[in-house]
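Open the model in your viewer and set it to cartoon view. We will go from stop to stop, selecting as we go.

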Amino acid sequence: MSNFKLRLLLIFTVIPTLFATIFLLPFWHHICIHIVSTLFLTAGSVEILRILTGKSDKKSLLPAALIGLVISAVNYLECAEILPAGALLATAGILIFIIFSYQIFLRDENRFRDINSHITSLLVLVFYPGIFLTYPVKLTTLPHPSWTMVGFLVLVFMNDIFAYIFGMIWGKSNRNIFPISPKKSLAGFIGGFFASIAGAMIVYFMGAPMFGTNIMNAVSTGAIIGVLAPVGDLIESAMKRSAGVKDSGNYIPGRGGVMDNVDSIVFTAPVYYYIIKYIASLIG
C-alpha cells in the first residue's frame with residue numbers, strides 16, 4: 001500500500017477513532033488515552049535505544065521498556081492526583097541515579113567499554129521520548145481537556161498531512177533545504193505551517209474553549225506548532241541518519257516505527273501544553 005493510501009486510511013479510520021475516544025471515554029482521567037500513551041512511550045523508548053546503541057536483543061532493550069513503563073505510570077498517577085505534583089520529576093531523578101549507579105555492579109569486563117555509551121543512551125530515554133511524551137497526556141489536567149487534546153492533534157495532524165501533500169505536488173524543485181532529510185521541501189514546510197494555523201482556526205470556530213474569545217490566541221498557537229512540528233521530524237531524521245537506518249522500527253506496516261509517527265508530537269506537546277496553560281491563566 002502506498003504512503004498516500006496509508007495516510008488516507010489514517011485520516012478516515014484512526015484519527016476519528018482517536019477523537020471519539022477522547023470525547024466519549026473521559027473516565028478516570030482519560031485512562032484510555034493514558035493506556036495508548038503507555039504503549040507508544042514504551043515502544044518508542046525501545047526504538048530510540050535500538051537507534052542509539054545498535055543493539056536489538058531483548059536483554060539490552062529491556063531497560064528502555066522499563067523506563068517507558070515507569071515514566072508513563074507515574075505520569076498517570078500524578079495527572080489523576082493519586083501522587084503529588086512533582087512525582088514525575090522525582091521519578092526522573094531516581095531513574096537517573098539508578099542509571100549511573102547500576103554500572104558499578106557490572107562484573108563482565110567485556111561490557112566495561114560500553115558503560116559510557118550505555119549511560120548516555122539511557123539518560124536520553126528519560127527525556128526523549130520519556131518526559132517529552134508525557135505532555136500529550138498532561139493536557140488532561142488542563143481546563144476543557146477533551147477539546148485541548150483534540151485541538152492539539154488537529155494542529156499536528158493538519159501539519160503532517162498538508163506538508164506531505166504540498167511537498168508531493170509542489171516540492172520536487174525545492175527539496176533538500178535540510179540536508180539531514182533530503183525529501184523535506186520548502187513547499188511542504190509552508191503548506192504544513194499554514195495548515196496548522198487553519199486547523200487552529202477551525203477548532204476555534206467550532207467552539208473550542210481553550211483559546212478563549214480571542215482568535216489571535218488560536219492563530220499564534222497554530223503558527224508556533226506549524227514551525228515546531230517539522231523540528232521533531234528532523235531531529236529524529238538526524239538520529240536515524242547517524243545510525244544508518246531508514247525507520248525507527250517496523251511496528252506499523254508501511255509507516256515505520258512508533259517514533260516515525262509521533263516524532264512531531266514529542267517536541268510540540270510540551271510547548272502546546274504551556275501555551276494553553278498560559279492562555280488559561282489570562283482567561284481566568
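A crossing of two helices is right-handed if the near helix is turned clockwise from the far one by less than a right angle. Keep that in mind for the first two stops. One reminder before we start: this is a predicted model.

**Stop 1: H4 and H5**

Select residues 87–102, which form helix H4. Add residues 115–131, which form helix H5. Turn the view until one lies in front of the other. H4 passes H5 in a right-handed crossing. Their axes are 9 Å apart, and the packing angle is about 165°. Angles over 145 degrees count as roughly antiparallel, so H4 is roughly antiparallel to H5.

Now show side chains. On H4, pick Leu88, Ala92, Leu95, Ile96, Ile99 and Phe100. On H5, pick Ile119, Leu122, Leu123, Val126, Phe127 and Ile131. These residues make the contact between the two helices. Which classes do they belong to? Twelve are nonpolar, with no polar and no charged residues.

**Stop 2: H2 against H5**

Keep H5 and add helix H2, residues 27–53. The axes of H2 and H5 come within 10 Å and cross at roughly 140°. That angle makes H2 oblique to H5. The crossing of H2 and H5 is right-handed.

From H2, the contact uses Leu41, Gly44, Ser45, Ile48, Leu49, Leu52 and Thr53. From H5 come Ser121, Leu122, Val124, Leu125, Tyr128, Pro129 and Gly130. Colour this contact by class: nine residues are nonpolar, five are polar and none is charged. Leu122 of H5 is worth a click, as it is listed in the contact with H4 and in the contact with H2.

**Stop 3: two backbone details**

Zoom in on proline 129, in helix H5. Is the peptide bond from tyrosine 128 to proline 129 cis or trans? This bond is cis, with omega near 5°.

Then jump to histidine 29, in helix H2. Its phi is near 60°, a positive value in a residue other than glycine.

**Stop 4: H9, end to end**

Select residues 215–243, helix H9. This helix has 29 residues. From first C-alpha to last, H9 reaches 43 Å, close to the 42 Å expected at 1.5 Å a residue.

What caps the N-terminal end of H9? Asparagine 214 does. One of its side-chain oxygens lies 2.9 Å from the backbone nitrogen of methionine 216. Now go past the other end. Glycine 244 follows H9, and its phi is positive, near 75°.

**Stop 5: H2 against H9**

Bring H2 back beside H9. These two helices pack at an angle of about 45°, with their axes 8 Å apart. H2 and H9 are therefore oblique to each other.

Select Ile48, Ile51 and Leu52 of H2, then Met239, Lys240 and Ala243 of H9. They form the contact. Five of these residues are nonpolar, none is polar and one is charged. Ile48 and Leu52 of H2 appear here, and they are also listed in the contact with H5.

**Last stop: H3**

Finish with residues 58–79, helix H3. H3 has 22 residues and reaches 31 Å from its first C-alpha to its last. The expected value is 32 Å, and the two are close. After H3, find glutamate 81, whose phi is positive, near 65°.

Note on methods
Residues are numbered from 1 along each chain as its sequence is written. This is a predicted model: local features need pLDDT of at least 70, side-chain atom pairs count only at pLDDT 80 or more; totals for chains, interfaces and linings use all residues. Side-chain values use heavy atoms; hydrogens and water are left out. Axes are lines fitted to C-alpha atoms, for helices over the stretch in contact, and angles run from 0 to 180 degrees between N-to-C directions. Helices (H or I, at least four residues) and strands (E, at least two) are DSSP runs, numbered from the N terminus. Angles under 35 degrees count as roughly parallel, over 145 as roughly antiparallel, 65 to 115 as roughly perpendicular and the rest as oblique. Contact means heavy atoms within 4.5 Å. Ala, Val, Leu, Ile, Met, Phe, Trp, Tyr, Cys and Pro count as nonpolar, Asp, Glu, Lys and Arg as charged, and the others, Gly among them, as polar. The expected span of a helix is 1.5 Å times one less than its number of residues. A polar contact is a pair of N or O atoms within 3.5 Å; within protein, one must be able to donate a hydrogen and the other to accept it, and residues adjacent in sequence count only if both atoms are side-chain atoms.
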